[in-house]
Amino acid sequence: MNGNLEKLFDSHSEWIQSEGEGGEQLTLERISSDQLTNEQLQMLTDSVLTECSFTNIELRENDFYHTEMYSCEFNNVSFGEVQFIKSEINDTKFNGSSFEKINFNNAEIFDCIFLGCTFSDSTFISTGIWNAIFDDCTFVNIDFESAYFEKIVLHNSKFINPINLDKATKIEINIGTVENPLLLTHEESLKWIIDNSI
């Protein structure tokens with residue numbers, strides 16, 4: 001398996017360097033982080049990850065630019081200065097993870113679950129998030145300029161010094177449940193966040 005992974009990553013490196021003229025885009029399915037080397041973890045830019053799992057690791061300065069994720073899991077992962085620019089994240093679960101100095105600019109996040117996560121000194125500029133659940137999460141010094149959040153469930157979550165909240169394109173919070181939604185309008189959602197800010 002390791003030899004096969006090396007070939008996949010070599011081909012992906014060629015694909016990126018040749019701008020798609022050679023090699024092949026990296027596609028990983030059901031791979032866990034303990035199967036990958038630190039160097040390989042740094043080479044997931046513009047890849048496609050399906051049902052992959054990452055557990056008890058630190059990702060620093062990784063670049064997930066244009067990376068697609070489907071039904072992945074991140075458990076106790078520490079993200080530091082990681083780029084998620086133009087990434088697409090679907091049906092993925094983040095549990096007990098921290099995000100520090102993260103760039104989510106122009107990322108699209110669908111149907112994801114964040115449990116006990118902390119976001120700090122990061123940007124959601126022009127980020128689109130749909131039908132996500134944030135349970136017991138903390139947001140510290142987050143830039144929401146041009147962010148588009150639709151049907152976001154916030155439970156036991158708090159905000160500290162939200163930035164450019166008034167410049168968000170759309171914030172629609174569900175203060176009910178997925179099964180029994182209670183949606184707030186954009187203006188009501190902004191007020192809810194401010195009322196729940198420290």
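Two residues are taken to be in contact when heavy atoms of one lie within 4.5 Å of heavy atoms of the other. The structure examined here is a predicted model, and the contacts of individual residues are described with that origin in mind.

Asn161 is found in the loop that links strand S18 (158-160) to S19. When neighbours within four places in sequence are set aside, Asn161 is in contact with Asn141, Ile142 and Ile198. With Asn141 the association is also a polar one, since the side chains of Asn161 and Asn141 make a polar contact at 2.8 Å. Asn161 has a relative accessible area of 43% and is therefore classed as partly exposed, the class that lies between buried, under 20%, and exposed, over 50%. The C-alpha atom of Asn161 is separated by 23 Å from that of Leu183, a residue 22 places apart from Asn161 along the chain.

Strand S18 also belongs to an open sheet, in which 6 strands are arranged in the order S4-S7-S10-S13-S16-S18 with parallel pairing. The edges of this sheet are formed by strand S4 (58-60) and S18, each of which pairs on one side only, and from one strand to the next the twist averages 10°. Within the sheet, strand S7 (residues 78-80) and strand S10 (residues 98-100) pair in the parallel sense over 3 bridges, and Gly80 has Glu100 in S10 as its bridge partner. In general, the strands of a sheet pair through backbone hydrogen bonds, in either a parallel or an antiparallel manner.

Thr138 is placed in strand S16 (residues 138-140) of this sheet. Its relative accessible area is 17%, and Thr138 is therefore counted as buried, the limit for that class being under 20%. Apart from residues up to four places away in sequence, Thr138 touches Cys117, Thr118, Phe119, Lys158 and Ile160. One of these partners, Phe119, in turn touches Phe99, Phe104, Phe114, Phe124, Phe134, Thr138, Phe139, Val140 and Ile142, with residues up to four places away again left out of the count.

Phe119 is also prominent in the largest nonpolar core, which has 52 residues and in which Phe79, Phe114, Phe119 and Phe134 have the most contacts. Two or more residues are given to this core by each of helix H1 (2-17), strand S17 (148-155), strand S19 (170-174) and helix H3 (186-195). In soluble globular proteins, nonpolar side chains tend to be buried together. Of the strands that contribute to the core, S19 is mostly covered, with 4 of its 5 residues buried.

Strand S17 takes part in several parallel pairings. Strand S14 (residues 128-130) runs parallel to S17 and is joined to S17 by 3 bridges, with Trp130 standing opposite Glu150 in S17. Strand S15 (residues 133-135) likewise pairs with S17 in the parallel sense over 3 bridges, and here Ile133 stands opposite Val153. S17 further pairs with S19, in the parallel sense and over 4 bridges, and Tyr148 stands opposite Lys170 in S19.

Thr67 is located in the loop between S4 and strand S5 (68-70). Although Thr67 is in a loop, its relative accessible area is 0%, and Thr67 is therefore buried. Two polar approaches to the backbone involve its side chain: a polar atom of the Thr67 side chain lies 2.8 Å from the backbone oxygen of Leu44, and the side chain of Thr67 reaches the backbone nitrogen of Asp46 at 3.1 Å. Beyond residues up to four places away in sequence, Thr67 touches Leu44, Thr45, Asp46, Ser47, Leu49, Ser87 and Glu88.

The cysteines were examined for possible bonding, and the structure was found to hold 0 disulfides. For Cys72, the nearest cysteine sulfur is that of Cys52, at 4.8 Å; because a disulfide requires sulfur atoms within 2.5 Å, Cys72 is in no disulfide. Cys72 has a relative accessibility of 1% and so counts as buried. Cys137 is likewise in no disulfide, its nearest cysteine sulfur being that of Cys117, 4.8 Å away, and with a relative accessible area of 1% Cys137 is buried.

Methods:
Residues are numbered from 1 along each chain as its sequence is written. This is a predicted model: local features need pLDDT of at least 70, side-chain atom pairs count only at pLDDT 80 or more; totals for chains, interfaces and linings use all residues. Side-chain values use heavy atoms; hydrogens and water are left out. A nonpolar core is a set of buried Ala, Val, Leu, Ile, Met, Phe, Trp, Tyr and Cys residues joined through side-chain atoms within 4.5 Å. Buried means under 20% relative accessible area, exposed over 50%, partly exposed in between (1.4 Å probe, protein chains only). A polar contact is a pair of N or O atoms within 3.5 Å; within protein, one must be able to donate a hydrogen and the other to accept it, and residues adjacent in sequence count only if both atoms are side-chain atoms. Two strands pair if DSSP finds at least two bridges between them. Axes are lines fitted to C-alpha atoms, for helices over the stretch in contact, and angles run from 0 to 180 degrees between N-to-C directions.
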